[in-house]
Amino acid sequence: SVYLPDYRVGKDFTLNLYGTTHLILFSTAAKSDGSIDFSRMSAPLLAAGKEASEHNGCKVLFCVGGWGRSKEFASAVETPEKRNRFIEEAIDFCELHSLNGIDLDWEFPDEGVEMTNYQLLIRDLSLAMRSSDRILTVALGPTRLLPIETYPDIDLVHLMSYQPWNPEDYEGWMTRSVKLALDGGIPPKKISVGTPFFSKELGGDRRAVSYRKIANDAKGAIPVSEHEFTPVGAEAIDPRIRQINQHGLAGAMVWDYGHDTMDAEKSMLRELSEKLVGVHAP
């Protein structure tokens, strides 16, 4: 699965999706009355989704939420009437634009009433999606999982297994993230392991550097720092491939398409796709 944010689709935009199976258009936002704000679903972004579907055979979904776009989620799902409105608008949008489903990315519901209401939304949305031959996916942090009884209603979990802002051992942390997901009851064939196409500074200013700049040898791509930067490129891909193979996971999720280079020889997406041959998500 590859996330394509609205702000990545600009002039001279091209799609090189290689072996991508799911393209997620990022993102819409839930509103307090249960409706969905589709203002970021621009014509160029929807056109990219159509191209991915017609020319690459991708399943194309639209996302609701994300970091900074989840503020109204709690209000949007707090009553049956609001949840029904949300579901109706989601279905209508999928039908209007021939989309294959929806990705929920609430960052993050509280453990009490908010989580209960989120489960109710997922249950009813899943029924609506499946009755129209569409899918429901959910983005989750490894330490912020859903109750185990929720996973039958979800087709794929996009595990946000990116290195946190601390200097933990990289592969050790990666392994623990997957273990948390498995121990939390997510079926292995529903786990898509998050793969960052960027490098993080583990201290100081905590800067993030796009792989595109590194691959293109941009001047000062990796700033001078006394702190370590997380691996990117093959060093980020390989530990995830090991986890996918070891546990029989669904595959990998990418955040985000815009961080990759258009140079096919250096492309992280191309390398990731080649290493995932034979692994298929739902």
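The largest nonpolar core of this predicted model has 71 residues, and the members that touch the most others are Phe86, Ile102 and Leu104. Helix H4, running over residues 113–131, supplies the largest share of this core, with seven residues. Phe86 is a handy place to start looking around. Setting aside its neighbours within four places in sequence, Phe86 is in contact with Ala30, Gly34, Ile36, Val64, Phe73, Ile102, Leu104, Leu121 and Leu125. Two names on that list, Ile102 and Leu104, are also among the core members with the most contacts to other members. There's a second core too, lying apart from the big one: ten residues, including Cys63, Met160, Tyr162 and Met253.

**Two helix pairs**

Phe86 turns up again where H3 meets H4. From the H3 side come Arg83, Phe86, Ile87, Ala90, Ile91 and Cys94, and from the H4 side Asn117, Leu120, Leu121, Asp124, Leu125, Ala128 and Met129. Sorted by class, that contact has ten nonpolar residues, one polar and two charged.

The other pair is H5 with H7. On H5 the contact residues are Tyr170, Glu171, Trp173, Met174, Thr175, Val178 and Leu182, while H7 brings Glu235, Ala236, Pro239, Arg240, Arg242, Gln243 and His247. The class count for H5 with H7 is seven nonpolar, three polar and four charged.

Here is the geometry of each pair:

| Helix pair | Residues | Axis approach | Crossing angle | Handedness |
|---|---|---|---|---|
| H3 and H4 | 80–97 and 113–131 | within 10 Å | roughly 35 degrees | right-handed |
| H5 and H7 | 170–183 and 234–247 | within 10 Å | roughly 35 degrees | right-handed |

H7 also holds Ile237, which isn't listed among the residues meeting H5. So is Ile237 buried or exposed? Ile237 counts as buried because its relative accessible area is 0%, under the 20% cut-off. Leaving out neighbours within four places in sequence, Ile237 is in contact with Thr195, Met268, Glu271, Leu272 and Lys275. Of those partners, Met268, Glu271, Leu272 and Lys275 fall in the residue range of helix H8, 268–275. For a sense of scale, Ile237 and Ala139 are 98 residues apart in sequence, with 19 Å between their C-alpha atoms.

**Cysteines**

How many disulfides does the model have? The count is zero. Cys58 is in no disulfide, and the nearest cysteine sulfur, belonging to Cys94, is 16 Å away. A pair would have to be within 2.5 Å to count, so Cys58 is left without a partner. Cys58 is buried, at a relative accessible area of 4%. Cys94 is in no disulfide either; for Cys94 the nearest cysteine sulfur is that of Cys63, 12 Å away. Cys94 is buried as well, at 0% relative accessible area. Both have turned up already: Cys94 sits on the H3 side of the contact with H4, and Cys63 is a member of the second core.

**Backbone oddities in the loops**

Now for the backbone. Which residues are joined by cis peptide bonds? One such bond links Glu107 to Phe108, with omega about 0 degrees. Phe108 is in the loop between strand E5 (101–105) and H4. Another cis bond links Trp255 to Asp256, where omega is about -15 degrees. Asp256 belongs to the loop running between strand E11 (251–255) and H8.

Positive phi values show up in loops too. Ser98 has a phi of about 55 degrees despite not being a glycine, and Ser98 lies in the loop between H3 and E5. Ser98 counts as exposed because its relative accessibility is 57%, over the 50% cut-off. Arg206 is another non-glycine with positive phi, near 55 degrees. Arg206 is placed in the loop between strand E9 (198–200) and strand E10 (208–210). With a relative accessibility of 45%, Arg206 counts as partly exposed.

One more loop residue is worth a look. Arg144 is found between strand E6 (135–140) and strand E7 (156–159), and is partly exposed at a relative accessible area of 44%. Although Arg144 and Pro109 are 35 residues apart along the chain, their C-alpha atoms are separated by 8.8 Å.

Key: Residues are numbered from 1 along each chain as its sequence is written. This is a predicted model: local features need pLDDT of at least 70, side-chain atom pairs count only at pLDDT 80 or more; totals for chains, interfaces and linings use all residues. Side-chain values use heavy atoms; hydrogens and water are left out. Axes are lines fitted to C-alpha atoms, for helices over the stretch in contact, and angles run from 0 to 180 degrees between N-to-C directions. Helices (H or I, at least four residues) and strands (E, at least two) are DSSP runs, numbered from the N terminus. A crossing is left-handed if the near helix is turned anticlockwise from the far one by less than a right angle, and right-handed if clockwise. Contact means heavy atoms within 4.5 Å. Ala, Val, Leu, Ile, Met, Phe, Trp, Tyr, Cys and Pro count as nonpolar, Asp, Glu, Lys and Arg as charged, and the others, Gly among them, as polar. Buried means under 20% relative accessible area, exposed over 50%, partly exposed in between (1.4 Å probe, protein chains only). A nonpolar core is a set of buried Ala, Val, Leu, Ile, Met, Phe, Trp, Tyr and Cys residues joined through side-chain atoms within 4.5 Å.
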